[in-house]
Amino acid sequence: MKFSKYIIVLFVIPLFAFSLHKYYISLCEIEYIKEEKSVQITIGLFLDDLEYSMNKGLNNKLYLASEDEVENIDDYYKKYLSKHFKVTVNDSLQTYTYVGKEYDDDIVRFYLEFPNISEFKSISITNTCLVEDFPSQQNIIKIKVDHFYKTFYLNNKNANCLLNF
């Protein structure tokens, strides 16, 4: 009998460990397209985490990616991104064009663009998405310019990165 208790403990505790642990991560891909003179950005966030953060302080719930999602959800997304995601190109804070969003299972991908960037000397990114509500949130930034690639790992202690060319 005592042996069977040990077996149960050995198999059950690891299952709880896996189910209780969650990774908090986002991915932002930034690419400068010289021919189009534009900076194109894709940001991927987990829907449940974003919904939790966006619903804080709201009287009505947003119910992201569901039949009950509010009609003007893009307005909420734009407001959230403008507060938590800022980009400076060539020492000038940019106002991006919100191209749209796409739901992919439990992830929402946002597509943003900065048109009319004829010269690309530097880029600075501040990404505080989800870090207020999830202290272990890590926001990965991947930048591609021509054949140059750079990756940054941002978190609640360091939400900024800078790259000069």
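**View 1. The largest pocket has a volume of about 340 Å³.** This is a predicted model, with local features shown at pLDDT of at least 70, side-chain atom pairs at 80 or more, and totals for chains, interfaces and linings using all residues. Residues are numbered from 1 along each chain as its sequence is written, and side-chain values use heavy atoms, leaving out hydrogens and water. The pocket is lined by 15 residues, with Ser53, Met54, Lys56, Tyr80 and Lys83 nearest its centre. (A pocket is an open set of 1 Å grid points over the protein atoms alone where a 1.4 Å probe fits, with protein on both sides within 12 Å along at least five of seven lines; lining residues have an atom within 4 Å of a point. Volume is the space filled by probe spheres on those points.) Helices α2 and α3 each give at least two lining residues, and α3 has the largest share, at five. (Helices are DSSP H or I runs of at least four residues, strands E runs of at least two, numbered from the N terminus.) By type, the lining splits into six nonpolar, four polar and five charged residues.

**View 2. Helices α2 and α3 cross at about 85°, with their axes 12 Å apart.** That makes the two helices roughly perpendicular to each other (a label for angles of 65 to 115 degrees). Leu47, Leu50, Ser53 and Met54 from α2 meet Tyr76, Tyr77 and Tyr80 from α3 (contact is heavy atoms within 4.5 Å). Six of these contact residues are nonpolar, one is polar and none is charged.

**View 3. Both helices sit against the sheet.** Helix α2 (residues 47-55) lies across β2 (38-46), β5 and β6 (107-114), at about 90° to β2. Helix α3 (residues 73-84) touches β2, β5 and β6 too, its direction making about 110° with that of β5.

**View 4. Six strands line up as an open, mixed sheet, in the order β5-β6-β2-β1-β8-β9.** At the edges are β5 (97-104) and β9 (148-154), each paired on one side only (pairing takes at least two DSSP bridges). Strand-to-strand twist averages 15°. Antiparallel β8 (residues 138-145) and β9 are joined by seven bridges; asparagine 139 has leucine 154 of β9 as its bridge partner.

**View 5. The second largest pocket comes in at about 180 Å³.** Here β1 (25-33), β2, β8 and β9 each chip in at least two lining residues. Among the lining residues are Glu29, Glu31, Gln40, Lys142, Lys144 and Tyr149. Overall, this lining holds three nonpolar, three polar and five charged residues.

Terms used
Axes fitted to C-alpha atoms, helices over the stretch in contact; angles between N-to-C directions. Parallel < 35°, antiparallel > 145°, perpendicular 65-115°, else oblique. Nonpolar A, V, L, I, M, F, W, Y, C, P; charged D, E, K, R; others polar.
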